[in-house]
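Open the model in your viewer, switch to a cartoon view and keep your selection tool at hand. We will walk through it one stop at a time.

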Amino acid sequence: MSNLGVMTAINISPLRETRDRETRDSETPDRETRDSVAAGAAGGDSLLRFALRADATLCAGVGLLVAMAADPLSRLSGLSATSEWIGGAALVIYGLALFTAAGLPDVRRVGVGVLAGNVVFAILVTVVLVARWLPLTELGVVTTIAFTVATVGFAYVQYLGVRRLA
């Protein structure tokens with residue numbers, strides 16, 4: 001019977017303290033709290049953070065795969081193994097940096113920058129493919145187009161996320 005009294009006291013006391021702290025904090029919110037509440041009220045930043053993290057995950061995953069299989073992929077794509085490895089390593093680093101940046105408080109600024117970068121990337125890849133500046137095989141062209149389409153898809157979702165925060 002005495003264990004029941006201890007258990008009840010443990011469960012009730014923290015709840016009361018939590019309510020008191022929440023009441024006290026809501027009476028004098030700091031600027032960061034007000035900004036995050038305002039962002040949450042405006043639709044939140046969850047879509048943008050999700051789009052950035054999904055982009056980062058895909059880039060890092062594809063980059064790791066490309067870097068690990070650079071030699072066999074080079075025979076399929078038409079690029080050198082060194083080019084494949086450098087491209088893969090760059091994607092891994094970019095993915096890690098983007099995943100980290102997606103957690104920053106001012107995610108809108110990050111989103112605008114990544115959105116612009118993704119659009120510029122898609123345009124440059126299109127120019128490179130149309131001009132045939134790289135010795136890509138047919139499979140190399142198809143995979144490059146597929147990766148660029150995925151990039152444009154992420155850019156669109158990032159655009160929606162940035163727009164939601166505006």
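Helices here are DSSP runs of H or I with at least four residues, numbered from the N terminus. By that count, Tyr94 lies in helix H5, and we will come back to this residue later. Please keep in mind throughout that this is a predicted model.

**The whole chain**

Start with everything selected. The chain contains 7 helices and 0 strands, so that the order of elements from the N terminus reads α-α-α-α-α-α-α. Of its 166 residues, 26% count as buried. Look also at how the chain folds back on itself: among contacts between residues at least 6 apart in sequence, 77% join residues at least 24 apart.

**H3 against H7**

Two packed helices are described by the angle between their axes and the distance between the axes. Select helix H3, residues 46-68, together with H7. Their axes come within 7 Å and cross at roughly 160°. An angle over 145 degrees counts as roughly antiparallel, and H3 and H7 are therefore roughly antiparallel to each other. The crossing of the two is left-handed.

Now show side chains at this contact. On H3, pick residues including Leu48, Leu52, Asp55, Leu58 and Val62. Facing them on H7 you will find, among others, Phe147, Phe154, Gln158, Gly161 and Leu165.

**H6 against H7**

Keep H7 and swap H3 for H6. H6 and H7 pack at about 155°, with 9 Å between their axes. That angle makes H6 roughly antiparallel to H7. H6 passes H7 in a left-handed crossing. The contact involves H6 residues including Val107, Gly111, Leu115, Phe121 and Leu129, and H7 residues including Val141, Ile145, Phe147, Ala155 and Tyr159.

**The aromatic pair**

How many aromatic pairs does the structure hold? There is 1. To find it, select Phe121 and Phe147: their ring centres are 6.2 Å apart and their planes stand at 85°, so the pair is edge-to-face. Phe121 belongs to helix H6 (residues 107-131) and Phe147 to helix H7 (residues 138-165), so the pair links distant parts of the chain, 26 residues apart. Colour Phe121 by accessibility and you will see a partly exposed residue, with a relative accessible area of 33%.

**The loop between H6 and H7**

Follow the chain from H6 towards H7 and stop at Arg132, which is found in the loop between them. Is Arg132 buried or exposed? At 72% relative accessibility, Arg132 counts as exposed. Check its backbone too: Arg132 has a positive phi of about 55°, although this residue is not a glycine. Most residues other than glycine have a negative phi.

**An arginine over a ring**

Next, select Arg53 and Phe99. Arg53 lies over the face of the Phe99 ring, at 5.5 Å from the ring centre.

**H4 and H5**

Move to helix H4, residues 70-77, and add H5 to the view. Their axes come within 8 Å and cross at roughly 115°. That makes H4 roughly perpendicular to H5. H4 passes H5 in a right-handed crossing. The contact is made by Ala70, Asp71, Leu73, Ser74 and Ser77 of H4, with Ala81, Glu84 and Trp85 of H5.

While you are here, click on Ser83, which lies in helix H5, residues 81-101. Ser83 counts as partly exposed at 38% relative accessibility. Measure from its C-alpha to that of Ala67: the two are 9.4 Å apart in space and 16 residues apart in sequence.

**Tyr94 and Val114**

Now return to Tyr94 in H5. Tyr94 is partly exposed, with a relative accessible area of 32%. Which residues is Tyr94 in contact with, leaving aside its neighbours within four places in sequence? They are Asp55, Cys59, Val114 and Asn118. Another distance to try is from Tyr94 to Ala60: their C-alpha atoms are separated by 7.1 Å, with their positions 34 residues apart along the chain.

From Tyr94, step across to Val114, found in helix H6. Val114 counts as buried, at 11% relative accessibility. Not counting residues up to four places away in sequence, Val114 touches Leu52, Asp55, Tyr94, Leu98 and Gln158. For a last distance, select Val114 and Asp55: they are 59 residues apart in sequence, yet 9.7 Å apart from C-alpha to C-alpha.

Note on methods: Residues are numbered from 1 along each chain as its sequence is written. This is a predicted model: local features need pLDDT of at least 70, side-chain atom pairs count only at pLDDT 80 or more; totals for chains, interfaces and linings use all residues. Side-chain values use heavy atoms; hydrogens and water are left out. Rings of Phe, Tyr and Trp (its six-membered ring) pair if their centres lie within 6.5 Å; planes under 30 degrees apart count as stacked, over 60 as edge-to-face and the rest as tilted. Buried means under 20% relative accessible area, exposed over 50%, partly exposed in between (1.4 Å probe, protein chains only). A charge sits over a ring if NZ of Lys or CZ of Arg is within 6 Å of the ring centre and within 35 degrees of the ring normal. Axes are lines fitted to C-alpha atoms, for helices over the stretch in contact, and angles run from 0 to 180 degrees between N-to-C directions. Angles under 35 degrees count as roughly parallel, over 145 as roughly antiparallel, 65 to 115 as roughly perpendicular and the rest as oblique. A crossing is left-handed if the near helix is turned anticlockwise from the far one by less than a right angle, and right-handed if clockwise. Contact means heavy atoms within 4.5 Å.
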